[in-house]
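I'm opening a fresh page for this one. I'll jot down what I look up as I go, starting with charged pairs.

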Amino acid sequence: KDRKRMQNYSFLDDAVAPLMEIAEGFTNYSGEEKKQFVLTKVNQFAIENGLKFDAEETAAKVEKLINLTKKINTKK
């Protein structure tokens with residue numbers, strides 16, 4: 001069970017960053033709208049692939065990546 005759950009999260013984690021990159025191209029969207037886009041697309045991916053989707057965990061992953069990119073961008 002644990003192995004399957006970890007594999008499930010791995011697939012979903014792999015989907016987050018590319019979707020965030022797509023969302024960044026939406027110049028007329030607010031940050032919250034971009035985040036909702038990513039969460040919706042990850043949820044759709046989970047449904048299509050029979051994976052369990054945890055909205056809170058995925059949102060936390062998105063926030064973590066956002067904070068990381070902010071740190072990287074402010075150092076430039």
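**Entry 1: salt bridges**

I started with Lys34, which makes a salt bridge with Glu24; their closest N and O atoms are 3.7 Å apart. This is a predicted model, so I'm reading that distance as a property of the prediction. I then checked where the two partners sit. Lys34 belongs to helix α2 and Glu24 to helix α1, so the bridge ties together parts that are 10 residues apart in sequence.

Is Lys34 buried or exposed? I found a relative accessibility of 14%, so Lys34 counts as buried, given that buried means under 20%. Glu24 comes out at 54%, so I noted Glu24 as exposed.

How many salt bridges does the structure hold? I get two. The other one joins the side chains of Glu63 and Lys35, at 2.9 Å from N to O. Glu63 is in helix α3 and Lys35 in helix α2, so this pair ties together parts that are 28 residues apart in sequence. Lys35 is buried at 15% relative accessibility, while Glu63 is partly exposed at 32%.

**Entry 2: what else Lys34 touches**

I went back to Lys34 to list its contacts. Setting aside residues up to four places away in sequence, Lys34 touches Ala23, Glu24, Phe26 and Tyr29. Two of those names, Phe26 and Tyr29, sent me to the rings.

**Entry 3: aromatic rings**

I looked for aromatic pairs, and the structure holds two. In one of them, the ring centres of Phe26 and Tyr29 are 4.9 Å apart and the planes meet at 40°, so I wrote this pair down as tilted. Phe26 and Phe37 make an edge-to-face pair, with 5.0 Å from centre to centre and 85° between the planes. I traced that pair along the chain: Phe26 is in the loop between α1 and α2, Phe37 is in helix α2, and the two are 11 residues apart. The pair therefore links distant parts of the chain, with Phe37 buried at 18% relative accessible area.

What do the ring pairs make of Phe26, Tyr29 and Phe37? They link these residues into a cluster. I compared burial within the cluster too. Phe26 is partly exposed, with a relative accessible area of 24%, and Tyr29 is also partly exposed, with 42%. Phe37, on the other hand, is buried.

**Entry 4: the nonpolar core**

Next I looked up the largest nonpolar core. Which residues make it up? I count 12 residues in all: Leu12, Val16, Leu19, Met20, Ala23, Phe37, Val38, Leu39, Val42, Ala46, Ala59 and Val62. Helices α1, α2 and α3 each supply at least two residues of this core. I made a side note that nonpolar side chains tend to be buried together in soluble globular proteins.

I picked Leu19 from the core to follow further. Leaving out neighbours within four places in sequence, Leu19 is in contact with Phe37, Val38, Lys41 and Val42. So Phe37 turns up again: Phe37 is in this core and in the ring cluster.

**Entry 5: two more residues**

I looked at Thr58, which sits in helix α3, residues 55-75. Thr58 has 8% relative accessibility, so I have it down as buried. Beyond residues up to four places away in sequence, Thr58 touches Val16, Leu39, Val42 and Phe53. Val16, Leu39 and Val42 are members of the core from my last entry.

Then I moved to Phe11, in helix α1. Phe11 is partly exposed, with a relative accessible area of 41%. Not counting residues up to four places away, Phe11 touches Phe45 and Leu51. I also took the C-alpha to C-alpha distance: Phe11 and Phe45 are 9.3 Å apart in space and 34 residues apart in sequence.

**Entry 6: how far to trust it**

I finished with the confidence values. The chain averages a pLDDT of 84, and 84% of the residues score at least 70. Where is confidence lowest, and where is it highest? Helix α1 (residues 2-24) has the lowest mean, 76, and helix α2 (residues 31-48) the highest, 92. I'm keeping one reminder on the page: where pLDDT is low, the predicted coordinates should not be read in detail.

Technical notes: Residues numbered from 1 in each chain as written. Predicted model: local features only at pLDDT ≥ 70, side-chain atom pairs only at ≥ 80, totals over all residues. Heavy atoms only, no water. pLDDT = per-residue confidence, 0-100. Helix = DSSP H or I, 4+ residues; strand = E, 2+ residues; numbered from the N terminus. Contact = heavy atoms within 4.5 Å. Phe/Tyr/Trp six-rings, centres within 6.5 Å; stacked < 30°, edge-to-face > 60°. Buried < 20%, exposed > 50% of the residue type's maximum accessible area, 1.4 Å probe, protein only. Salt bridge = Lys/Arg side-chain N within 4 Å of Asp/Glu carboxyl O. Core = buried A, V, L, I, M, F, W, Y, C linked by side-chain atoms within 4.5 Å.
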